[in-house]
Amino acid sequence: MYKSEQLAVSLKHLIETGTWKPHEKLPSLRQQVEISGFSLITVMNAYQELEAQGLIYSKEKLGYFIAENPIQAALAKKVILNEKIEINSLVFRYLKSIQSESTIPLGSAFPNSQLLYSPKLMQTLGLQAKHRISYEQMPSLPPGNYELRKLIAQRYCMQGIPTDPSDIVITSGGLDALNLSLKAMTQAGDYILLQETIFYGAWQAAENLGLKVITIPEHPEYGLDLEAFKKAVTTYPIKVCLLMLNSHNPIGFTVKEEIKFELAKLLHQHEIYLIEDDVYEELYFDQKKPLSMKYYDQKNLILHCSSFSKTLGAGFRVGWVYAGKFSEHIQHLQLMSTLSVNSFIQNALVDYLSHRHYEKHLKTLRKTLKRLKNLYYQYLLKELPDTCTIHYYPSGYFLWITLPEHIDSSLIYQHMLEQNVSIAPGALFYRTNKTPHHIRINCSFELNNDTQNALNQLIQYIKKL
Ligand SMILES: Cc1ncc(COP(=O)(O)O)c(C=O)c1O
């Protein structure tokens, strides 16, 4: 943490605990230098940070004062209406630029394909391929293959979430599930709530559907900021929230069960729908699988979206949504767009899942990802300057790195591409006015000469900047 951040945190504590009253004058910059022992520039930065957070305000030539209602003012500042969303062209350019086979894909969202497409699954696909019946389309039309939906429903039931196959709609991957759900639940001009930092697909969907997006920041400790959430839902007529609570992409955190429980209470109280993006749900490293918000859903307000892309293969394009009462509407939308998901793959997945190969594969996958993520983390921790923060969480395969605020991660992305290495720059995930100073690294590739060289080039460039 920077010195100015340290100072801002301790001053914030004094404000929040009421030591300073509204409109009381803060010590002048010079007095604060004497009190704290920090330099003038550090004190100035800390005061500016508190002003940006809405806790204090400044009057020309008079100094800084405590805001009228600092806690509420700070909360209001956290809840942002994102006026115009224009991310599609950036994502398009990014996805095009990382497609080259010669690029080391540290910026990719896909897990290393060597870890997916398990041999048993390939065998199943081979056997299925020989039977004409596997290609029959009728049984795979929306809502999708019944047996596959039954197997998915059983997995929910195993987690204590009563589920019927008719609740499930099979989709063309998780992205399709998110887009269909959002489309079924909103109209252009509706307000939706997103996390400030979130998978770019959520931003794209909002842009495509002409939605007004309110964002709340991540809570540094809990992942989800419930106070900011409350403020957002009491300030704006939010219809739907689209959130990631397990193995968040790009940051990586998993929200604690107590917070999920509180969140569900708020959703119920305000009758707000939630689309939960949970495509990394199986990639946890601890003993117990984190629960989906569906577990806490008493009023059928939650649509849960997931897929096999991060565990079996992104190329299959098979996902699903626990759509409940929205099932029919979503099927209508499918019949007007993608029609059905590939019947052959759906049949192969039925065979594979019903023989319990999936559980074994997941165990191995989790173990490998845990090992690789640790290796990358240790390496970067050792080599990156300590002005960078590496966010490590025990799940998934991403490391999220906070760089010093002046470093524009888009520059790093451009520079690394010229070296045939991709990284995912912060601008893909958030829309703040600040310089995007984060990067996301995919750690699912073995740390061999190529990947280590790629990391070294990245580290050198960051040091240079
Ligand atoms: C958070 C998140 N949601 C959804 C998706 C889309 O998943 P799928 O590949 O199954 O469409 C991705 C893919 O990267 C993702 O990271």
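How many cavities of 30 Å³ or more does the structure hold? There are two. A cavity here is a set of points on a 1 Å grid over the protein atoms alone where a 1.4 Å probe fits but cannot get out, and lining residues have an atom within 4 Å of a point. A volume is the space filled by probe spheres set on the points, which are joined across faces, edges and corners.

Before going further, a word on the basis: this is a predicted model, in which local features need pLDDT of at least 70 and side-chain atom pairs count only at pLDDT 80 or more, while totals for chains, interfaces and linings use all residues. Residues are numbered from 1 along each chain as its sequence is written, and side-chain values use heavy atoms, with hydrogens and water left out.

Here are the spaces side by side.

| Space | Volume | Nonpolar | Polar | Charged |
|---|---|---|---|---|
| Largest cavity | about 100 Å³ | four residues | two residues | four residues |
| Second largest cavity | about 50 Å³ | three residues | five residues | one residue |
| Second largest pocket | about 820 Å³ | 20 residues | 15 residues | four residues |

In these classes, Ala, Val, Leu, Ile, Met, Phe, Trp, Tyr, Cys and Pro are nonpolar, Asp, Glu, Lys and Arg are charged, and the others, Gly among them, are polar.

Among the residues around the largest cavity are Arg155, Glu281, Glu282 and Lys289. Helix H7 (residues 146–158) supplies the largest share of this lining, three residues; helices are DSSP runs of H or I with at least four residues, and strands are runs of E with at least two, numbered from the N terminus.

Now for the domains, whose bounds come from an automatic or database domain assignment. The chain splits into domain 1 (3–78), domain 2 (82–113 + 360–464) and domain 3 (118–359). The centres of domains 2 and 3, taken over C-alpha atoms, are 24 Å apart. Their contact (heavy atoms within 4.5 Å) takes 35 residues from domain 2 and 39 residues from domain 3.

The second largest cavity draws at least three lining residues from each of domain 2 and domain 3; His248 and Lys373 are among those around this cavity.

A pocket, by contrast, is an open set with protein on both sides within 12 Å along at least five of seven lines. Both domain 2 and domain 3 give residues to the lining of the second largest pocket, so this pocket lies between them. Of its 39 lining residues, Ser108, Ala109, Phe110, Pro111 and Ala314 lie nearest the centre. Helix H8 gives the most to this lining, with four residues.
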